[in-house]
Amino acid sequence: MSALIDGIRRNKFAVFGRAGMDMFADPQGTKAENAGMFRADLGGSSANICAGLCKLGGQSALVTSVSNDCVGRFCTNKLQHYGVDTQYLKVLDGEYRISLAVYESVLEDFQNCIYRNNAVDFQVTNEDVDRVNYSEFGALITAGTVFAAEPSRGSTFRAFENARKVGMPVIFDVDYRPYSWPSPAVAAEVLSRAGEESDLIVGNDEEFGFMAGGIEKGMDKARELAQRPGRMVIYKMGQSGAVTFFEGQEIRTGIYPVTAVKPNGAGDSFMAGLLAGIAEGRPLKEAVLRGSACASIVVSQPGCAPAMPTTAQLDAFLATHPGPTEA
């Protein structure tokens, strides 16, 4: 068994990256600008992954900074509600603010307005990541947003080093958000470095294409990254499914068609479902398909963290759905 699979099977993850508040227009189908009411819940890619893992029976701890205000406390309370370990949250005073996403459950001209001014999650330092007891966890997970600014960029690369010292695999969700970065050139360089230092890389065709310098080169970039022994690469293609590269295999998988109400949250739920499937000892293709099913469940409901399925909900979905598309 590879070190990556062994680490995931411990089913306990240290997750680096942001938590945020999501506000989504209510009821479903209401455009945000016309809303008389919004629902609030936990959001932010890394926090969503944490919540998804806990709902699927795993353990996760989020390593980040939160603002010392009512919104920071709201997000901390929601993390604890979903069972996420919050011992590595640092609470910061001053003008730093936790992220806010305002969106809607409407596919046509979908809008997601994200507030990232003075984002508190970028303030994670070397001291913060050195506090983590890496040997307690089976794997480290990060989403790409942490690399968009200092000091969290440098501190997360330091966390990678700390993980390697104890033989802990690194899982990287590329999660490229152009609005967070100073320039595309910086993003391509830094995200490529993070990919080179990771043991499992998950990204979509646009993200691999971006790292490779052109969308038509994305698949070749994924293949090239997967040539390192023990590394897994998952290349997602939206409606066309995914290709998983691991130990010389190319596993093609489809998607579970649903009536979507929004596009966001799918990638975070995919990651949680994939890792939970591997942790349960399922064959790799089945684990990828369970991740795809989780993504479908989340896009078919309002919200992100609250829409993440439990194991029972995932099993019920799979039992009643006609099955994935042909790869």
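Axes here are lines fitted to C-alpha atoms, for helices over the stretch in contact, and angles run from 0 to 180 degrees between N-to-C directions. With that in hand, let us walk through this structure, which is a predicted model.

## Helix 7 and its surroundings

Helix 7 and helix 8 pack with their axes 7 Å apart, at an angle of about 80°. Angles of 65 to 115 degrees count as roughly perpendicular, and the two helices are therefore roughly perpendicular to each other. On the helix 7 side, the contact is made by Phe-208, Gly-209, Met-211 and Ala-212, while helix 8 brings in Gly-218, Lys-221, Ala-222 and Leu-225. Sorted by character, the residues of this contact are five nonpolar, two polar and one charged.

Which residues of helix 7 are buried? In this helix, which covers residues 205-212, they are Glu-207, Phe-208, Gly-209 and Met-211. The buried residues of helix 7 pack against helix 6 (184-196), strand 10 (200-204), helix 8 (218-225) and strand 11 (232-236).

Both ends of helix 7 are worth a look on your screen. At the N-terminal end, Asn-204 acts as the cap, with a side-chain oxygen 3.1 Å from the backbone nitrogen of Glu-206. After the helix comes Gly-213, which has a positive phi, near 95°.

## Aromatic pairs

Across the whole structure, a search finds ten aromatic pairs. Two of them are set out here.

| Pair | Centre to centre | Angle between planes | Arrangement |
|---|---|---|---|
| Phe-157 and Phe-160 | 5.8 Å | 80° | edge-to-face |
| Tyr-256 and Phe-317 | 5.9 Å | 65° | edge-to-face |

Planes over 60 degrees apart count as edge-to-face, so the pair of Tyr-256 and Phe-317, at 65°, gets that label. Tyr-256 lies in the loop between strand 13 (249-253) and helix 9 (266-279), and Phe-317 lies in helix 11 (residues 311-320), so this pair ties together parts that are 61 residues apart in sequence. Tyr-256 and Phe-317 are both buried.

Phe-157 and Phe-160 sit three residues apart, about one turn of the helix, and both belong to helix 5 (residues 152-165). Phe-157 and Phe-160 are buried too. Together with Phe-147 and Phe-172, Phe-157 and Phe-160 form one aromatic cluster.

## Three buried residues to visit

Tyr-256 turns up again in the surroundings of Ser-292: leaving aside neighbours within four places in sequence, Ser-292 is in contact with Gly-254, Tyr-256 and Phe-270. Ser-292 is part of helix 10 (residues 284-299). Its relative accessible area is 9%, and buried means under 20%, so Ser-292 is buried.

Is Thr-244 buried or exposed? With a relative accessible area of 0%, Thr-244 is buried. You will find Thr-244 in strand 12 (residues 242-246). Not counting residues up to four places away in sequence, Thr-244 touches Met-232, Val-233, Ile-234, Gln-249, Glu-250, Ile-251, Leu-284 and Val-288.

Finally, where does Arg-18 lie? Arg-18 is in the loop between strand 1 (12-16) and strand 2 (20-26). At 6% relative accessibility, this arginine counts as buried. The side chain of Arg-18 is joined to that of Thr-145 by a polar contact of 3.1 Å. The C-alpha atoms of Arg-18 and Ala-47 are separated by 6.3 Å, although their positions lie 29 residues apart along the chain as a separation in sequence.

Conventions:
Residues numbered from 1 in each chain as written. Predicted model: local features only at pLDDT ≥ 70, side-chain atom pairs only at ≥ 80, totals over all residues. Heavy atoms only, no water. Helix = DSSP H or I, 4+ residues; strand = E, 2+ residues; numbered from the N terminus. Buried < 20%, exposed > 50% of the residue type's maximum accessible area, 1.4 Å probe, protein only. Polar contact = N/O pair within 3.5 Å; in protein donor to acceptor, adjacent residues only side chain to side chain. Contact = heavy atoms within 4.5 Å. Parallel < 35°, antiparallel > 145°, perpendicular 65-115°, else oblique. Nonpolar A, V, L, I, M, F, W, Y, C, P; charged D, E, K, R; others polar. Phe/Tyr/Trp six-rings, centres within 6.5 Å; stacked < 30°, edge-to-face > 60°.
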